[in-house]
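This report considers how parts of a protein chain are arranged and how charged side chains pair within it. Please consult the structure while reading.

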Amino acid sequence: MPFLCLLLTTAGWVGLGLLFVKVLQSLFNIFYPYLVGRPRNLRELAGENAGWAVVTGATDGIGKAYARELAQRGFDLVLISRSAEKLETVATELKQYSRESSGHREVQVRTVQFDFTNAKLADYEQHIFAQLNDINVGILVNNVGMVNGYPERLDKSPGGIQETVDIAVVNVLPVTILSAFVLRQMANRGRGVIVNVASAAALCNWYYYGVYSAAKANEKFSCLEIAKF
């Protein structure tokens, strides 16, 4: 019995130690960029003559904020989103913003209207790859995503099976396909930046958000794979 107690106590302390390390890693990842890390030179990271940045889901929220920051730094932009009207509005805003706020020339902006929910590879080739073949992409921001309207059991999704399929497709395929495409030129150049906008849901299985959590975990592991290049 003393041996069993010692074994269980040791296992308990080891488990607590591993949990503590995991918490420290998470806190480090959250606070390091803001409190310790220093800004990197995006031009240097993107590579020589790689002056274009591609942003998906670029007309609202995080995607628009990324596009705005990149425009301020003088990167030409390819904006990809579902709404043609919003794309044109944001493109006009970014051109003016880049000209007035940073002292750079007015950036070039290409727009691609694209619905990621039901796109096949041929659609990517025709509408997106065609816009990227003649430019040097230094930065790719995989921001487009989709989440449940509210938490619900898989069989009771308010949008039915179609919504579940859309969540899986939009959060997995664009990251995979676009990263694979731009990595070819980035790998040849030996430089490039790919940003996958994931979620805390990637770290655990959110209750009633299982499909979304799994899809965001895919983005996390995609980052680990891409980092090997």
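Is Glu-69 buried, partly exposed or exposed? In this predicted model, Glu-69 counts as partly exposed, since its relative accessibility is 37%.

## Domain division

The protein chain falls into two parts: domain 1 covers residues 1-38, and domain 2 covers residues 42-227. The centres of domain 1 and domain 2, taken over C-alpha atoms, are separated by 34 Å.

## Packing of helices α3 and α4

Two packed helices are described by the angle between their axes and the distance between the axes. For helix α3 (residues 61-72) and helix α4 (residues 84-101), the axes come within 8 Å and cross at roughly 35°. The crossing of α3 past α4 is right-handed.

On the α3 side, the contact is made by Lys-64, Ala-67, Arg-68, Ala-71 and Gln-72. Helix α4 contributes Val-90, Glu-93, Leu-94, Tyr-97, Ser-98 and Ser-101. By character, the residues of this contact comprise five nonpolar, three polar and three charged.

## A salt bridge between the two helices

Side chains of opposite charge can pair when their charged atoms come close. The structure holds six salt bridges, one of which joins Glu-93 to Lys-64, with the closest N and O atoms 3.2 Å apart. Glu-93 lies in helix α4 and Lys-64 in helix α3, so this pair ties together parts that are 29 residues apart in sequence.

Both partners also appear among the residues that form the contact of α3 with α4. Glu-93 is partly exposed at 35% relative accessibility, and Lys-64 is likewise partly exposed, with a relative accessible area of 30%.

## Further salt bridges

Glu-69, the residue of the opening question, forms a salt bridge with Arg-73 through their side chains, at 2.7 Å from N to O. Arg-73 counts as partly exposed, at 39% relative accessibility, as does Glu-69 at 37%.

Where do Lys-216 and Glu-219 lie? Both belong to helix α7 (residues 210-226), three residues apart, which is about one turn of the helix. Their side chains meet in a salt bridge at 3.0 Å, N to O. Lys-216 is buried, with a relative accessible area of 3%, and Glu-219 is buried at 0%. Both values fall under the 20% cut-off, and therefore the two residues count as buried.

Note on methods: Residues numbered from 1 in each chain as written. Predicted model: local features only at pLDDT ≥ 70, side-chain atom pairs only at ≥ 80, totals over all residues. Heavy atoms only, no water. Axes fitted to C-alpha atoms, helices over the stretch in contact; angles between N-to-C directions. Helix = DSSP H or I, 4+ residues; strand = E, 2+ residues; numbered from the N terminus. Left-handed = near helix turned anticlockwise from the far one by under 90°. Contact = heavy atoms within 4.5 Å. Nonpolar A, V, L, I, M, F, W, Y, C, P; charged D, E, K, R; others polar. Domains from an automatic or database assignment. Salt bridge = Lys/Arg side-chain N within 4 Å of Asp/Glu carboxyl O. Buried < 20%, exposed > 50% of the residue type's maximum accessible area, 1.4 Å probe, protein only.
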